[in-house]
Amino acid sequence: MRRGDSIVSKIDWLTILLFFVIVMLGWLNIYAAVYDENAAQNIFSMSLNSGRQLIFIGVIIVLIIVMLVVDFKFYDTFAYIIYGGVLSLLIFILLFGREVAGSKSWFELGAFRFQPSEFAKFATCLAVAKFIGTGGFRMDQLRNQIVLFAIIAVPAVLIILQGDTGTALVYSVFILVFFREGMAPTLLILGVSAAIIFILTLMVENHIYLYGGIFLIAAAAIIFGKRTRKRIIMVLLGAAVIVSVIKSVDYVISDILKPHQQNRVKAFINPDADPLGFGWNVTQSKIAIGSGGAFGKGFLKGTQTKFDFVPEQSTDFIFCTIAEEHGWFGSFVIIGLFVSLLLRLIFVAERQKWRFARVYGYSVACILFFHFAVNIGMTIGLFPVIGIPLPMFSYGGSSLIGFTILIFILVKLDAHRGQVLVH
């Protein structure tokens with residue numbers, strides 16, 4: 001970058017605009033989610049989630065200024081140190097953390113609480129980008145692939161030990177980043193196939209139909225393909241792996257998942273089986289969303305919201321408030337804003353000449369996509385309820401700060417895209 005160039009002119013202001021529009025709309029909807037017309041309430045009241053969220057918004061504004069002032073080389077130089085520091089926090093929380101809603105994921109210092117797993121996301125992005133950005137790195141080398149999967153597996157396992165399986169699942173999207181950087185699509189295909197088979201196993205009561213389908217597909221692959229010894233062995237091994245996945249489902253559900261996690265799976269399969277029990281959240285969420293119609297009931301007019309039919313409505317189920325009060329049109333606008341931000345992040349990532357910055361950018365976009373897609377999907381019954389927030393929209397300081405760091409590290413790196421560091 002030439003000396004005469006100003007960082008202000010290099011900053012991607014469209015990304016910043018989309019970010020703050022989403023944050024402020026989220027703040028308004030948090031107020032709507034906790035609004036009580038029978039009580040004298042002020043949107044700025046510290047007794048409400050909206051008032052506390054405003055403090056978090058003030059914190060991220062200060063944080064953004066600091067991040068844009070810090071030398072962009074800092075994020076590359078200290079990537080592994082940041083990653084190691086956050087892993088230490090994930091270990092300490094297993095010993096000294098506070099358990100909330102079945103997950104031991106919080107540090108509590110007086111009135112202040114924070115969730116290290118939200119910061120592990122950007123730390124892992126930095127570590128992955130640092131490793132892939134190393135000179136001479138080749139994605140087709142098995143050693144490099146093992147190291148990359150270890151980098152994402154360590155925080156994921158530590159978060160699972162905290163009891164927060166939903167957040168741990170976020171790390172699966174790094175496979176898309178690896179695929180973008182040259183990894184063969186085999187693992188991606190196997191992962192998607194395993195997920196589909198897992199879901200089918202849950203939804204089909206009589207597994208004999210699944211075994212019959214596997215047998216027919218394997219037989220067709222052998223009969224109509226090249227019948228070489230190697231290919232037949234690969235087909236049979238693939239069929240055996242699929243059968244193993246089906247066999248393992250009952251064990252995972254019954255012996256690994258906690259009772260509240262088992263209920264979430266049951267609610268995903270058939271929420272109508274127990275609409276007053278484990279299916280309550282999803283059933284009430286669908287009612288709230290469907291009742292909004294085309295243009296909604298109006299701001300602060302949502303009856304499902306007002307009478308607290310949907311639990312966690314300012315956090316995990318914030319999308320219900322949008323759909324009920326602003327209808328299909330309001331939901332379309334919010335989804336459009338998120339899609340616009342995602343596309344912009346991909347555009348910013350793709351224009352990077354520095355591999356570290358590009359990999360980091362795609363990591364941010366993939367994490368944001370996972371949260372956006374799964375959060376909205378679980379409110380309409382397309383995904384199990386796994387307890388992850390809608391980015392920058394749901395109430396929560398740790399989540400808002402974590403996503404702010406994720407995005408504005410990329411904004412800072414992009415502002416210096418003319419400079420490439422060589423390792």
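Visitor: Is Trp328 buried or exposed?

Guide: This is a predicted model, and in it Trp328 counts as exposed because its relative accessibility is 57%, where the cut-off for exposed is over 50%. Trp328 is placed in helix 16, which covers residues 318–350.

Visitor: Which residues form a nonpolar patch on the surface with Trp328?

Guide: The patch consists of Phe295, Trp328, Phe329, Phe332 and Val333. Together these residues have about 610 Å² of accessible area.

Visitor: Let us turn to the interior. How many residues does the largest nonpolar core have, and which have the most contacts inside it?

Guide: The largest nonpolar core has 110 residues, and Phe178, Tyr360 and Met392 are those with the most contacts inside it. Helix 17 supplies the largest share of this core, 15 residues. Apart from this core lies another one of nine residues, including Leu210, Ala218, Ala239 and Val245.

Visitor: With which residues is Phe178 in contact, leaving aside its neighbours within four places in sequence?

Guide: With those neighbours set aside, the contacts of Phe178 are Val128, Ile132, Met139, Leu148, Phe149, Ile152 and Met183.

Visitor: How should one read the sign of a phi angle?

Guide: The general idea is that most residues other than glycine have a negative phi. Met392 has a positive phi of about 60 degrees, although it is not a glycine. Leu300, also a residue other than glycine, has a positive phi near 70 degrees.

Visitor: Where are Leu300 and Met392 found?

Guide: Leu300 lies in the loop between helix 14 (280–291) and helix 15 (303–306). Met392 belongs to the loop between helix 17 (355–379) and helix 18 (397–415).

Visitor: Why does Leu300 count as buried?

Guide: Buried means under 20% relative accessible area. Leu300 is buried because its relative accessible area is 19%. For Met392, the relative accessible area is 2%, so Met392 is buried. Met392 has also been named among the residues with the most contacts inside the largest nonpolar core.

Visitor: One topic remains, the cysteines. How many disulfides does the structure hold?

Guide: The number of disulfides is zero. For a disulfide, two cysteine sulfur atoms must be within 2.5 Å. In the case of Cys366, the nearest cysteine sulfur is that of Cys125, 8.9 Å away, and Cys366 is in no disulfide.

Visitor: Are Cys320 and Cys366 buried or exposed?

Guide: Cys320 counts as buried because its relative accessibility is 0%. Cys366, at 12% relative accessibility, therefore also counts as buried.

Notes
Residues numbered from 1 in each chain as written. Predicted model: local features only at pLDDT ≥ 70, side-chain atom pairs only at ≥ 80, totals over all residues. Heavy atoms only, no water. Helix = DSSP H or I, 4+ residues; strand = E, 2+ residues; numbered from the N terminus. Buried < 20%, exposed > 50% of the residue type's maximum accessible area, 1.4 Å probe, protein only. Patch = residues over 30% accessible without salt bridge, like charges linked within 9 Å, V, L, I, M, F, W, Y side chains within 5 Å. Areas by Shrake-Rupley, 256 points an atom, 1.4 Å probe, with all protein chains shown as cover. Salt bridge = Lys/Arg side-chain N within 4 Å of Asp/Glu carboxyl O. Core = buried A, V, L, I, M, F, W, Y, C linked by side-chain atoms within 4.5 Å. Contact = heavy atoms within 4.5 Å.
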